[in-house]
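Please open the model in a viewer and keep a selection panel at hand. The stops below proceed from a single residue to whole chains and their contacts.

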Amino acid sequence: MDPVISVRDLWKVFGPSAARVAASDELKALSRQELMDRTGAVAAVRGVDFDVAPGEMFVVMGLSGSGKSTLVRCLTRLVEPTTGTITFEGENILEADAKRLRDLRRNKFSMVFQHFGLLPHRTVADNVGYGLEIRGVPRAKRGERSQEVIDLVGLTGYEKSFPDQLSGGMQQRVGLARALAGDPDVLFFDEPFSALDPLIRRDMQSEVIRLHREVGKTMVFITHDLSEALKLGDRILIMRDGKVVQVGTGDELVGAPADDYVRDFVRDVPRSNVLTLKWIMRPPRPDDDLDGPELAPETVVREAVRSVLSAGRPVKVVRDGELLGVVADEEILGVVAGEA
Amino acid sequence: MVAVAAPTSQPRALQHRKSLVLAGIVVAWLVLWVLFRNVWTLSLGAADLTPLHRWINDVNDAVGASRNSNPVFLYFFNEIRLVIDEFVTFVQALIAQPSFGRPVPVIGWLGVVAIAGFVSLAVAGWRVALLAVAGFVFLGLQGLWQESMDTLSLTLAAVVISLLIGIPLGIWAGLSDRAHRLLTPVLDFMQTMPTFVYLAPLTLFFLIGPASATIATLIYAAPPAIRITAHAIRSVPRNTVEASESLGATRNQTLVKVLLPSARKTIVLGVNQTIMAALAMVTIAALIDAPGLGKTVVKALQTLDVGTAFNAGLAIVVLAIVLDRVTTAAANERRGLPRWALFGGAGVTAVCVYLSYTYLWAAEFQSDVEIGSSINKGATAVTEWAQDSLPVLTGGFKDFVTFALINPLQALLAESPWFLVALVVVAVSFLVGGVRSAVVSAACVALLIATGLWQDSMITLASTLVATILVMVLGVVVGVWMGRSRRADRVIRPVLDAAQVMPAFVYLVPFLALFSASRFTAIIAAVVFAAPVAIKIIADGIRAVSPATVEASTALGSSSWQTIVKVQLPMARGALTLAANQGLIYVLSMVVVGGLVGAGALGYDVVAGFSQGQLYGKGLAAGVAIVVLGVMLDRLTQAAAKRWTN
């Protein structure tokens with residue numbers, strides 16, 4: 001399947017000499033600090049490549065200053081990228097003129113912001129309908145569609161409230177509804193839950209997972225929170241100093257960290273929740289008893305604990321009838337004990 | 001915000017040395033003053049003119065002669081004048097002056113009161129509407145209906161033009177950084193320039209009358225509208241704008257649907273500021289023959305008729321309060337009126353307007369209970385009583401300030417040889433602000449000499465300094481009190497707010513009553529005019545001192561006095577210098593008004609220039625001298641502030 005979004009060699013350099021930096025391979029090779037010292041320019045995004053598949057929940061994770069917020073703004077050109085290509089459904093959106101870009105924003109993407117960005121002088125319903133209003137959708141139709149998404153995000157009954165009468169979590173539901181109202185192909189989330197309390201954050205994460213399942217949209221989600229990334233992401237991109245460190249599924253990051261930075265990052269992750277059997281299985285030894293139960297390699301360790309420990313002999317990891325390896329008590333205990 | 005870095009010993013020693021040098025300069029000045037008193041003072045008699053003044057008179061005559069032949073006038077200034085005159089005359093025809101062949105204005109008093117009430121009801125609620133109706137009826141009862149309506153017409157005309165120019169410019173400055181950078185210094189200049197000095201040059205181009213008055217008002221009233229609109233647009237949170245952009249809004253859509261609605265409340269506050277500034281300026285523009293209440297006050301002041309001045313001053317206050325309350329309430333979030341009330345109100349208003357158009361009783365304010373003359377008589381009686389029975393109090397205070405402060409300072413400044421004063425000024429500037437300040441001051445001194453009004457400038461400078469000292473004393477005492485006590489703040493702040501809303505003229509009246517016409521009266525009026533700003537700045541500065549520091553000081557066993565002197569005032573020194581700077585500028589802007597009540601010197605020169613043709617050039621030069629003094633003092637205090645706070 002063709003990717004929805006395909007990003008190649010994307011650079012965003014801030015500062016007076018941005019164009020010069022982007023044109024020079026020598027300057028591009030410098031580290032962020034060296035570049036800052038030499039030219040006064042700040043490279044926020046440095047040569048980023050990735051693809052997002054249709055319907056995927058793609059998470060970009062990094063600490064503050066890693067360039068992740070700039071990256072997501074580059075994707076919709078809220079921040080103008082310095083060089084590179086961003087292909088969206090086969091079209092290089094860096095070549096889109098202002099009108100085309102507006103069309104794309106009106107119909108194809110929408111974004112949910114960390115600080116909500118609601119209009120304080122409008123009711124919930126009018127906030128949700130804002131995107132439709134600027135497209136020129138007639139009032140009656142707008143109201144209908146707003147009501148649909150308000151119901152979808154669980155805000156029924158609050159249509160006439162003003163944003164400052166709602167809690168943070170509710171306000172972000174309005175932001176979510178506003179983004180959904182235009183029926184976009186892709187939703188971008190810029191750290192949407194960072195400003196919320198932990199309990200509400202968990203609710204909202206479940207809400208997004210539910211919506212992702214129900215509406216099946218492609219989503220690009222920015223976060224600084226690894227557990228949020230692991231919980232939501234089909235695939236996760238880890239950024240550091242504007243560069244991509246690693247792209248992969250959660251178990252790939254935990255099982256095969258690309259470098260010490262990622263290893264350090266995932267150290268405190270409860271591995272049994274993330275790792276699957278394929279990461280801990282070993283080749284069968286001659287003395288192994290091979291008539292034990294079978295499990296798929298994608299089985300998460302935690303779910304395999306009970307069956308492996310109660311089997312009393314190694315469990316076979318099998319895909320399509322082919323024996324990939326075995327998992328016995330010591331492998332399982334190695335993971336579980338390693339967390340303690 | 002205040003950096004609490006411990007001062008190292010090096011700068012402290014430097015400061016100590018500077019104080020010594022400063023003291024040396026003063027001592028040397030005193031000695032030389034005794035030796036060279038009253039020589040080379042560049043004095044100029046009241047009716048004497050310099051070649052420059054005569055040259056300006058000639059230019060004025062030449063401009064007057066070519067007004068209807070020179071293309072610049074024919075196609076530019078005269079056109080502007082005509083358009084503005086037409087507009088003002090139209091508004092006056094509606095509510096103030098007999099018009100369209102009728103013996104009365106189109107809308108009589110009943111109609112105006114009804115419109116005022118209805119508009120207030122619609123934007124500000126029924127309480128304010130009641131206040132507006134009562135206020136307007138009161139104006140009629142004072143016997144000042146037509147004057148009030150003239151003032152109101154001129155104010156409204158100037159406000160409409162100010163907003164037509166100011167809000168678009170403000171939006172532009174809000175959206176574009178370049179426009180913002182371009183406009184800020186221009187606005188700074190417009191607002192630091194004492195208000196009266198551009199009256200004279202304006203009459204050169206637009207003649208005496210409504211057009212000049214309106215344009216002067218415009219210059220004074222448009223900056224707040226521009227500034228506040230720009231500020232309001234700029235304060236809309238970035239993420240709200242970004243959210244709108246991310247949904248594909250065009251620039252116009254973002255402006256109309258996001259920026260302007262979010263900024264609405266603040267912009268209405270800007271409108272309030274513009275209206276108050278316009279009202280203040282319209283009354284002052286009476287000096288160049290603008291019709292209305294201001295003219296009544298000026299005439300009464302010139303004949304020292306306190307009763308009449310008080311009555312008209314009171315009308316200005318009433319008008320100011322009504323306009324302020326209505327626009328302030330409009331800025332606050334409120335639920336709209338129910339539909340029936342709006343329609344009902346509109347109906348009643350229409351009927352009233354029709355009645356006032358048709359029937360004489362509703363058109364001309366004729367009342368059997370005329371209270372204007374009672375107010376007039378009452379004020380006169382109180383004045384006479386005060387002057388007769390409180391001479392110890394009023395006279396004592398007046399004599400003390402006059403002999404202890406004004407006279408010595410004036411003698412020192414105005415009776416020293418000019419080069420001595422110039423040298424001292426430049427030397428002090430160098431000490432305070434370095435080479436740059438010294439150069440600016442030297443240039444200003446040279447300009448003052450060039451105006452031919454050196455001695456008058458020095459007399460005005462002496463009064464200004466005395467007034468500023470008094471402002472600072474008041475500012476520190478009241479400001480510290482307000483800064484330390486929430487309760488004092490709650491009680492005093494509204495009074496200060498109200499005082500700031502009042503047009504400058506009004507202050508003169510009660511002090512004229514108490515102290516009769518003299519330099520002292522003008523100084524006290526200036527102090528009262530400038531004190532609210534200084535007090536507020538200092539109070540806010542004191543309040544901004546971190547409570548933790550104050551608490552620490554208290555925990556160490558400081559008395560209140562020690563805490564104030566050793567902690568709060570030093571930490572609020574940024575506010576103190578700002579207060580001094582603002583105090584100076586406010587005082588200076590009252591100099592011309594003070595000229596009406598015996599302040600003499602530059603203020604008198606300006607006022608006389610308005611009324612006597614042969615003194616026109618001198619008046620204009622005096623205006624320039626006031627500006628030069630203002631620029632010099634402003635630069636100097638700002639340089640001092642920079643040095644002192646860093």
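Select A44(A) to begin: this residue is buried, with 25 other C-beta atoms within 10 Å. Here a residue is called buried if 20 or more other C-beta atoms lie within 10 Å of its own, exposed if 12 or fewer, and partly exposed in between, with C-beta atoms placed from the backbone. The model is a predicted one, in which local features need pLDDT of at least 70 and side-chain atom pairs count only at pLDDT 80 or more, while totals for chains, interfaces and linings use all residues. Residues are numbered from 1 along each chain as its sequence is written, and chains are lettered from A and ligands numbered from 1 in the order in which they are written.

Next, extend the selection to strand β2 (residues 42-52) of chain A, in which A44(A) is placed. Helices (H or I, at least four residues) and strands (E, at least two) are DSSP runs, numbered from the N terminus. Which residues does A44(A) touch, leaving aside those up to four places away in sequence? They are K12(A), F14(A), G67(A), T70(A) and G242(A). Two residues are in contact if their C-beta atoms, placed from the backbone, lie within 7 Å. For G242(A), draw a distance to A44(A): the two C-alpha atoms are separated by 5.2 Å, although the residues are 198 apart along the chain.

**Chain A as a whole**

Now colour chain A by secondary structure; 16 helices and 13 strands should appear. Along the principal axes, its C-alpha atoms fill a box of roughly 75 × 55 × 35 Å. Of the 340 residues in chain A, 40% are buried. Among its contacts between residues at least 6 apart in sequence, 67% join residues at least 24 apart.

Select residues 30-266 of chain A, where UniProt, in an unreviewed entry, places the feature "domain: ABC transporter". UniProt positions are given in the numbering used here, feature names are shortened, and annotations may be inferred rather than shown by experiment. This span is 43% helix and 22% strand, and its end C-alpha atoms lie 27 Å apart.

A separate division, from an automatic or database domain assignment, splits chain A into domain 1 (51-108 + 184-269) and domain 2 (272-339). The C-alpha centres of domain 1 of chain A and domain 2 of chain A lie 32 Å apart. Their contact takes 6 residues from domain 1 of chain A and 4 residues from domain 2 of chain A. On the side of domain 1 of chain A, helix α12 (residues 250-255) gives the most, with 4 residues.

**Helix α15 of chain A**

Move to α15 (residues 301-311) of chain A and show V301(A), A304(A) and V308(A), which are buried. Viewed down the axis of α15(A), the buried residues fall within an arc of 60°, so they line one face of the helix; the arc is that of the directions from the helix axis to the C-beta atoms. Turn to the other side of α15(A), where R306(A) and S310(A) are exposed. Just after α15(A), G312(A) takes a positive phi of about 75°.

**The contact between the chains**

Display both chains: 14 residues of chain B are in contact with 17 residues of chain A. On the chain B side, α10 (238-246) and α11 (251-284) each supply at least two residues. The largest share of that side, 6 residues, comes from α10(B).

**Chain B and the nonpolar core**

Colour chain B by its assigned domains, domain 1 (19-48 + 390-645) and domain 2 (53-384). Their centres, taken over C-alpha atoms, are separated by 30 Å. The contact takes 35 residues from domain 1 of chain B and 37 residues from domain 2 of chain B.

For the last stop, select V327(A), A285(B), L508(B) and I538(B), which touch the most other members of the largest nonpolar core, a set of 293 residues. Such a core consists of buried Ala, Val, Leu, Ile, Met, Phe, Trp, Tyr and Cys residues joined through C-beta atoms within 7 Å. Helix α22 (residues 519-544) of chain B supplies the largest share of this core, 18 residues. Finally, centre on L508(B): not counting residues up to four places away in sequence, L508(B) touches L301(B), A525(B), V593(B), L596(B) and V597(B).
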